[in-house]
Amino acid sequence: MRMIIICKQFVLWIFFFCCLPANREFLMLCPRLFLLINMPTEQRKIIHCDCDCFYASVEMRDDPSLRSLPLAIGGPASQRGVIATCNYEAREHGIHSAMSSAHARRQCPGLVILPPNFDKYREVSRQMREIFFDYTELVEPLSLDEAYLDVTDSDKCRGSATLIAREIRQRVKKELGITLSTGVAPNKFLAKIGSDWNKPDGETIILPEDIDAFVEKLPVKKIFGVGKVTAEKLHRFGADSCGELRQFSVFELTENFGRFGGRLYELCRGIDSRPVKPSQRRKSLSVEHTYPEDLPDLEACLKQLPELLIKLRSRLRLVDNQYLITKQLVKMKFNDFQSTTVECLSRKPDDATFRELMATAFERGNLPVRLLGVGVRFVDLLEEGKPEQLELFEDK
Ligand code: DCP
Ligand code: MG
């Protein structure tokens, strides 16, 4: 099936290129051909996640007294600092990212400006990504607080992207103490617009049958890549909304906007075939849990092991078969916040070895435990270039 689809795309592209120099008018009469070529070949389910006022949210989580104040994160006003972000309270006073801190202070005299703590934001970002990985391996991070997820093949939440997005929002709120907004749509373009649509702590779902009506009213400046200059040029064309932009042929748009014209032609119809590209291959996979009450001894830790292993197995089923497990590991954080990781070589992780690793880890601290983690390390066969089969988990 996939082969047929690839062949179809190939033939259409050849046809398109042959026609282009010879008879542009022919293609002008066939705008549908252009769309057909660029149409995604399968219906995708994409979620775009974007945290609300990310740096400020993390600071408010760690000091709730900041919640009621206008808060910005950035360099000090006295040293020509710039605002990185601000909470929604501060936004009501007209404060925004990239504004000089001195200007922000003048505009909102009660503004609290805190310096950024990047280590903390990176750690929250990592934890959030681990939550995403519970639903799909196809996670494309765009920045610390933003990612695309392709959940087309996920069987979590009965395969419903809407429910997955909702559960992710609830979990991030509960487990990490910050809010994020999500957009669910059949492609990246619309999912990203969706996450911004109902901020903060909001969700937008754009179903395939709603795309046309949704995009028709969308202002052109919402299209990624349409800055002030392009928006003004489009305004002179008489196209302020995507619906108005649709009256132009792909040739008129490419003539006036270069290659971006072709993108505009698609995007104003809600078409975007870019796949979600996971940017990094994994080196390891682990699941961990911080317990509300410390686990007093090794026995209490061992009791938690089966539940952690169920989660680990379920996560391992999502990784592709180019990963070869080389080690298994246990991570432990004690109530004095010291942590330790014990690992051993292993091609087939087994429960007995996890129990032994846990005992060794506990001996190292011999204190009540606040966090437990279990995981595996991989060799990535795609990087190594070795055709070998992944051995998942020894069946018990
Ligand atoms: N950031 C920055 N400088 C900018 C824009 C952003 O340092 N000019 C940092 C601070 C933000 C983080 O990146 O917290 C994420 O950027 P976003 O654009 O997603 O903005 P926020 O998450 O802060 O707010 P929003 O709720 O609008 O997403
Ligand atoms: Mg954000």
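How many helices and strands does the secondary structure of the chain come to? I worked from a predicted model, and I counted 17 helices and 12 strands in the chain.

**Burial and contacts.** I looked up how much of the chain is buried: of its 396 residues, 32% count as such. I then turned to contacts between residues at least 6 apart in sequence, and found that 61% of them join residues at least 24 apart.

**Ligand 1.** I listed the residues around ligand 1 and obtained 15, the closest being Phe 54, Tyr 55, Ala 84, Thr 85 and Ser 97. I noted that β1 (46-51), α4 (54-62) and β3 (83-86) each supply at least two residues of this shell. By character, I recorded seven nonpolar, three polar and five charged residues in the shell.

**Backbone geometry.** I kept in mind that most residues other than glycine have a negative phi and that most peptide bonds are trans.

I checked Cys 53, which is not a glycine yet has a positive phi of about 30 degrees. I placed Cys 53 in the loop between β1 and α4. I class Cys 53 as buried because it has 25 C-beta neighbours inside 10 Å, and the cut-off is 20 or more.

I found a positive phi of about 50 degrees at Arg 80, again not a glycine. Arg 80 sits in the loop between β2 (71-74) and β3. I class Arg 80 as exposed because 10 other C-beta atoms lie within 10 Å, where the limit is 12 or fewer.

Lastly, I recorded a cis peptide bond from Lys 199 to Pro 200, with omega near -5 degrees. I located Pro 200 in the loop between α9 (188-197) and β8 (203-205).

Methods:
Residues are numbered from 1 along each chain as its sequence is written. Chains are lettered from A and ligands numbered from 1 in the order in which they are written. This is a predicted model: local features need pLDDT of at least 70, side-chain atom pairs count only at pLDDT 80 or more; totals for chains, interfaces and linings use all residues. A residue is near a molecule or strand if its C-beta atom, placed from the backbone, lies within 6 Å of it. Helices (H or I, at least four residues) and strands (E, at least two) are DSSP runs, numbered from the N terminus. Ala, Val, Leu, Ile, Met, Phe, Trp, Tyr, Cys and Pro count as nonpolar, Asp, Glu, Lys and Arg as charged, and the others, Gly among them, as polar. Two residues are in contact if their C-beta atoms, placed from the backbone, lie within 7 Å.
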